Amino acid sequence: KSVLSQISECSRVALNDHISNFCLERPSTLRFFSYGSNMNEKKFREDTLAAGFEFGLENVKKSTLQGYKRILGNRSRNHGLAFTICPSQNDQTEGICHDIPIGGLKSFLKKEGVLLDEPSYELVLVCVSGEKNPVLTLKGLKPSNIDRLSQAQLLQAYCYVCKTLEGAERWSVNCSDVLRVKENIQKKLTKTPSG
């Protein structure tokens, strides 16, 4: 209940819906779709520990979200820029589904910027392949793009993208779009000022 009072109305509706309709079989966990750096087990563990309740990626299954595109387009305090999803009829986003223990929900939402006074993400319910019920995922609330980043923020984003790639490769997730983003950031980082 304390978590519900600290999240946006949209996140609250999605979380309540998921808990009341889809958590009957496993009431101690929530099912989640991750498509960014949360696919990286080591980083995920470190981040949840730093947020107050350490847990890892459990009950992982590679999944696909149809009708959405993954973009590096959400402003992030910790990463400069982070991945989000946006509707795109002819696209799909590969990622992983995994369990979030109820006891770790608050630390997970804290690390994701859902609990902030001005949240950077909100919870939404989506249907993904291989799951019989809708699962929770994150949608960015602070649009930005690579061209707005300082060199320091570009470097942060580059490290974030590399962590995402490590995780994607671990679970055999198609990460060709993430590779293109990495190459784009590399080009921007290696450009030297003219003059």
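**Looking inside: the cavity, the pocket and the core**

Modeller: Helix H3 gives the most to the lining of the largest cavity in this predicted model. Its share is three residues.

Colleague: Which residues line that largest cavity, and how much space lies in it?

Modeller: The space is about 30 Å³. The lining consists of Leu 30, Phe 32, Ile 100, Leu 105, Phe 108, Leu 109, Leu 123 and Leu 136. S1 and H3 each supply at least two of the lining residues.

Colleague: Why is it called a cavity and not a pocket?

Modeller: The word cavity is used because a 1.4 Å probe fits there but cannot get out, while a pocket is an open set of points. The structure holds one cavity of 30 Å³ or more.

Colleague: What makes you put the lining residues of the largest cavity in one class or another?

Modeller: Leu, Ile and Phe count as nonpolar. The cavity lining therefore comes out as eight nonpolar, no polar and no charged residues.

Colleague: And how is the lining of the largest pocket divided by class?

Modeller: There you find 11 nonpolar, 10 polar and nine charged residues. The largest pocket has a volume of about 580 Å³, and among the 30 residues lining it, the closest to its centre are Asn 78, His 79, Lys 111, Glu 112 and Gly 113. Lys and Glu count as charged and Gly as polar, so that short list mixes classes. Elements supplying at least two lining residues each include S1 (29-34), H2 (41-50) and H3 (105-111).

Colleague: What makes a set of residues a nonpolar core?

Modeller: Its members must be buried residues of certain nonpolar kinds, joined through side-chain atoms within 4.5 Å. The largest such core here has 51 residues, and Leu 72, Leu 109, Val 161 and Ile 185 have the most contacts inside it. Helix H4 (residues 151-170) gives this core its largest share, eight residues.

Colleague: What does Leu 109 touch, leaving out residues up to four places away in sequence?

Modeller: Leu 109 touches Val 3, Ile 7, Val 114, Leu 115 and Leu 123. Both Leu 109 and Leu 123 also line the largest cavity.

Colleague: Why is strand S4 called mostly covered?

Modeller: A residue is buried when under 20% of its relative area is accessible, and five of the six residues in S4 (121-126) are buried, so "mostly covered" fits.

Colleague: How do you know that S4 and S5 pair?

Modeller: Pairing needs at least two bridges, and S4 and S5 have six, so they pair, in the antiparallel sense. Leu 123 stands opposite Leu 138 in S5.

Methods: Residues are numbered from 1 along each chain as its sequence is written. This is a predicted model: local features need pLDDT of at least 70, side-chain atom pairs count only at pLDDT 80 or more; totals for chains, interfaces and linings use all residues. Side-chain values use heavy atoms; hydrogens and water are left out. On a 1 Å grid over the protein atoms alone, a cavity is a set of points where a 1.4 Å probe fits but cannot get out, and a pocket is an open set with protein on both sides within 12 Å along at least five of seven lines; lining residues have an atom within 4 Å of a point. Grid points are joined across faces, edges and corners, and a volume is the space filled by probe spheres set on the points. Helices (H or I, at least four residues) and strands (E, at least two) are DSSP runs, numbered from the N terminus. Buried means under 20% relative accessible area, exposed over 50%, partly exposed in between (1.4 Å probe, protein chains only). Contact means heavy atoms within 4.5 Å.
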